[in-house]
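Me: I am new to reading protein models. Please take a close look at the pockets of this one and walk me through them.

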Amino acid sequence: LSFAEGEAFKNITLRIRNDVEPEGDESFSVTLSVVTKGLVGELLDSADTARVTITGNDDGAGVLSFATKSLNQVTSEGSSISFEVERNIAQYGELWEPWTVTDS
C-alpha cells in the first residue's frame, strides 16, 4: 500500500468468494504495520487492525424437503401412508427435524 505525496486515503478491497463447502463463520484480520526503507517495523496499535467475519451461508447438516413424488397422497381409513423426505445439499453430521400432523 503506497501513498503518493499529498495522498491521504487508500482502499484495500478483498473479494470474498462463495463456495459450496459447508462451514460455519470464518474470520480473518487485516493489520497495518510500519515500514521504513523496506524493513517491517513494529505493528501499529490495535486500532489499526480490521477484523472481518464472513457469516456461513452453507447448511452443513443439509436441508430437508419432501420428495416431489410424495407430496399428495390419497388413502383409505385403516391404512398407512409414507412421505419420502430428502436430505439435500451437504450431509455432514446429524440432522433432526421435528414434524407435526395437522387437520385441514
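Reply: Here is a short tour of the whole chain, then its pockets, then one loop residue.

Start with the model itself. It is predicted. The mean pLDDT of the protein is 75. A score of at least 70 is reached by 71% of the residues. Confidence varies from element to element. Strand β1 has the highest mean pLDDT, at 87. Strand β3, residues 39–43, has the lowest, at 57.

Next, the layout. The protein has six strands and zero helices. From the N terminus, the order reads β-β-β-β-β-β. Take the contacts between residues at least 6 apart in sequence: 44% of them join residues at least 24 apart.

Now the surface. The chain has 104 residues, and 6% of them count as buried. The exposed area is about 9,700 Å². Carbon and sulfur atoms supply 51% of that area.

On to the pockets. How is such a space found? Rolling a probe the size of a water molecule over the atoms shows where empty space is left.

The largest pocket has a volume of about 360 Å³. One stretch of its lining is Leu 64, Ser 65 and Phe 66. Phe 83 and Val 85 line it too. The rest of the lining is Glu 97, Pro 98, Trp 99, Thr 100, Val 101 and Thr 102. Strand β5 gives the most to this lining, with three residues. By class, seven lining residues are nonpolar, three are polar and one is charged.

The second largest pocket has a volume of about 210 Å³. Its lining includes Leu 1, Phe 3, Lys 10, Ile 12 and Leu 14. Val 30, Thr 31 and Leu 32 also line this pocket. So do Asp 48, Thr 49 and Ala 50. Two strands, β1 (26–31) and β4 (49–54), each supply at least two residues of the lining. Here the classes come to seven nonpolar, two polar and two charged.

Last, a single residue outside the strands. Where does Ile 81 sit? Ile 81 lies in the loop between β5 (63–66) and β6 (85–88). Is Ile 81 buried, partly exposed or exposed? Its relative accessibility is 40%, so Ile 81 counts as partly exposed. The class in between runs from the buried limit, under 20%, to the exposed limit, over 50%. Which residues does Ile 81 contact, beyond its neighbours within four places in sequence? They are Gln 73 and Thr 75.

Conventions:
Residues are numbered from 1 along each chain as its sequence is written. This is a predicted model: local features need pLDDT of at least 70, side-chain atom pairs count only at pLDDT 80 or more; totals for chains, interfaces and linings use all residues. Side-chain values use heavy atoms; hydrogens and water are left out. Helices (H or I, at least four residues) and strands (E, at least two) are DSSP runs, numbered from the N terminus. Buried means under 20% relative accessible area, exposed over 50%, partly exposed in between (1.4 Å probe, protein chains only). Contact means heavy atoms within 4.5 Å. On a 1 Å grid over the protein atoms alone, a cavity is a set of points where a 1.4 Å probe fits but cannot get out, and a pocket is an open set with protein on both sides within 12 Å along at least five of seven lines; lining residues have an atom within 4 Å of a point. Grid points are joined across faces, edges and corners, and a volume is the space filled by probe spheres set on the points. Ala, Val, Leu, Ile, Met, Phe, Trp, Tyr, Cys and Pro count as nonpolar, Asp, Glu, Lys and Arg as charged, and the others, Gly among them, as polar. pLDDT is the predictor's confidence in each residue, from 0 to 100. Accessible areas come from the Shrake-Rupley method with a 1.4 Å probe; for residues, only the protein chains shown count as cover.
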